[in-house]
Amino acid sequence: MTDTAPTATTTAAIETHDLSIYYGSFQAVRDVNLDIQPNRITAIIGPSGCGKSTVLRAFNRMNELIPSVNTTGEVLFRGQNIYKPDVDPVEVRRHIGMVFQKPNPFPKSVYENVAWGARINGFKGNMDELVHSSLQSAALWDEVKDKLDQSGLSLSGGQQQRLCIARAIAVRPDIILMDEPCSALDPIATLRIEELMRDLAKDYTIIIVTHNMQQAARVSDRTAFFSLSEDGKRAGMLMEYGDTKTMFTRPEKKITEDYITGRFG
Amino acid sequence: MAASNLQGRHRLGRVWLVVFQVALVVGIIALCALLFNILNGSFGFVAVEDTVSPESLAVNSVPLEELDKDTLVQILQAHISAGLYARYEFDKPFAERSAGEVYDLILERVVEPRFVAQWSLYETLTNGDAIRQQVAQEFPNARLEFRSWLNSHFLRAPQSSYPEIAGVRTAVLGSLWTISIAVLFAFPVGVAAAVYLQEYAPDNLINRIIQTNINNLAGVPSIIYGILGLAIFVRVLGQFTSGIAFGASDPATANGRTILSAGLTLGVLVLPLIIINAQEAIKAVPNSLRQASFGLGATRWETVWYHVLPNAISGIMTGTILSISRAIGETAPLIVIGASTFIQVDPEGPFSKFTTLPIQIYQWTARPQSVFRNLAGGASLVLLGLLLTMNATAIILRNRYRRSL
């Protein structure tokens, strides 16, 4: 998987070339070459501390909010390296949205939670319409249509997470990054989010980091398996990348098979 | 064996519990002693002697308080010097004064009640009969009254060297003016500095030095700030703080010892406290909110303005209240700045001379006549009341902000 086909440049939603990420002098992620396909769900799996979330956050430059992080290599979005000095990270994040591990709605009304992002990004259309359609896309409209004025924090955990998804959708991104979106939710809420992800994949490219291998197998089209390097430096590396079905049935590498069958991690 | 050990651990826990309870009781006793001390001086018997008895001023057996205005003016004119009468006429023509005002003037200048002796609240309550006998023997012309030194006249009247008519009006207004200027200066500057340090400043050596210095400044004795204020605001910036530069005051007499200098000095004094408290409040805003905001393509400024500040504002207000509570009781820096200890006219603006409540209290307690100590007690109650009012207002404001989130 280390070589990138030249055709991928045109078809991939996001593509990385030799992406390495450092926390201070510690190399957390080493030489990742990955092409994410559009309108697919790509799962990133791997043991704790292998840099899954770090890679995900590199896709919309969220790592930069941590002062000591340094990124090398390229991340191509629409054929352009988003780490070039003249690229504004704010613009990148507007196109590549994010849903976090713990539901984090703003302490504002449900309506305002969805509308705010669109408003600051200069949305001029019918805001009620946008809020309605975003909540509908996030499969939340029926549950909250009578309490749009209530605080987003008054919803249940699963509803809050879907509100966060609606909020991300409302700014019309191309890609939605999800960092273990179900790890704080109960199984039923998890199931709803997974169904929602399948629906959203028709319109969006979704990249999801998950600890839960069944989840990766259930929802994703493609799976990238990360693990720590075996040279003792504990840097995260992309071990194997391919169709989810193949990965979970006939992994190429021994280490992938060991992880998937639960022998480590 | 294990059980006996457990008993020992429980006993240790109980010992510490007792220690904590004793500490609390000591604190409460100290607070009660303070309150008792203030209340003891603020209420009690006074023996009052009239220089001229009101009955002797009655005209044709119509009592003084029922006379019409013209008669009252005549009585006043007959009993005071022509110069004083002319001054009153100059201050406000008698034609424009109401009968009540003239009556008050007669009480003040003609009847002229004098406090010949006063007693504390404790003495009044425990030893009333003895006090009555003592007054009957030593001051046969005096009447004994129970007096609250904190009364509406006390609040409305300006400072005076006669304890009978002295009040705290100028001091209260002076305190309000200086505190307002301090808040207007320190709140925006402090919050802005806190936002910069917390949200923008990179973690490097310079910023760490700045942070350490702010923390140290919060512990600097207030008199040092007074010296700073004297050097900078009174002397160097005297042209501005006196109002001469704005043509607001007379260059021949004005100097920098004004409300503006005092307010700015108090502002500088509370600035480190406001910065530190605001930083703590901003720090307490969960990082997940910032991430959510950035994740939607918000700029740092939008994140700060729409999410960080609204969530931190109640904490920032609490910190500001605490800082202001400290500033309103400050005396030392204002003495250095040059607060007037005796001033009878209301402050009219930032370029006025001023006095403040703590200065007034200090000045009264320093007087040799014991009656001024009772005035100081009353003024202390006013200061406490002012403080409680401000705190209550701020808490209500804070809760309103919190609810609107």
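**Exercise 1. Find the bridge partner of B:Asp50 in β2(B), then describe how β1(B) is paired and covered.**

Solution. Step 1: in β2(B), B:Asp50 has B:Pro113 as its bridge partner. The model is predicted, so local features need pLDDT of at least 70 and side-chain atom pairs pLDDT 80 or more, while totals for chains, interfaces and linings use all residues. Residues are numbered from 1 along each chain as its sequence is written, and chains are lettered from A and ligands numbered from 1 in the order in which they are written.

Step 2: strand β1 (residues 43–50) of chain B pairs with strand β2 (residues 113–118) in the antiparallel sense, over 5 bridges. Two strands pair if DSSP finds at least two bridges between them; strands (E, at least two residues) and helices (H or I, at least four) are DSSP runs, numbered from the N terminus.

Step 3: β1(B) is also joined to strand β3 (residues 143–148) of chain B, by 6 bridges and again antiparallel. There, B:Phe43 stands opposite B:Ser148.

Step 4: 6 of the 8 residues of β1(B) are buried. A residue is buried if 20 or more other C-beta atoms lie within 10 Å of its own, exposed if 12 or fewer, and partly exposed in between, with C-beta atoms placed from the backbone.

**Exercise 2. Which residues of helix α5 (residues 127–137) of chain A are buried, and where do they lie around its axis?**

Solution. Step 1: A:Val131, A:Ser134 and A:Leu135 are buried.

Step 2: viewed down the axis of α5(A), these residues fall within an arc of 95 degrees, taken from the directions from the axis to the C-beta atoms, so they line one face of the helix. An α-helix has 3.6 residues a turn, so residues three or four places apart point the same way.

Step 3: the cover over the buried residues of α5(A) includes α4, α6 (141–144) and α7 of chain A.

Step 4: after α5(A) comes A:Ala139, with a positive phi near 55 degrees.

**Exercise 3. How many residues does the largest nonpolar core have, and which helix gives the largest share?**

Solution. Step 1: this core has 79 residues. A nonpolar core is a set of buried Ala, Val, Leu, Ile, Met, Phe, Trp, Tyr and Cys residues joined through C-beta atoms within 7 Å.

Step 2: helix α7 (residues 157–170) of chain A gives the largest share, 7 residues.

Step 3: A:Ile206 is one of the residues with the most contacts inside the core. Among the residues that A:Ile206 touches are A:Ile41, A:Met197 and A:Leu200.

Definitions and conventions:
Two residues are in contact if their C-beta atoms, placed from the backbone, lie within 7 Å.
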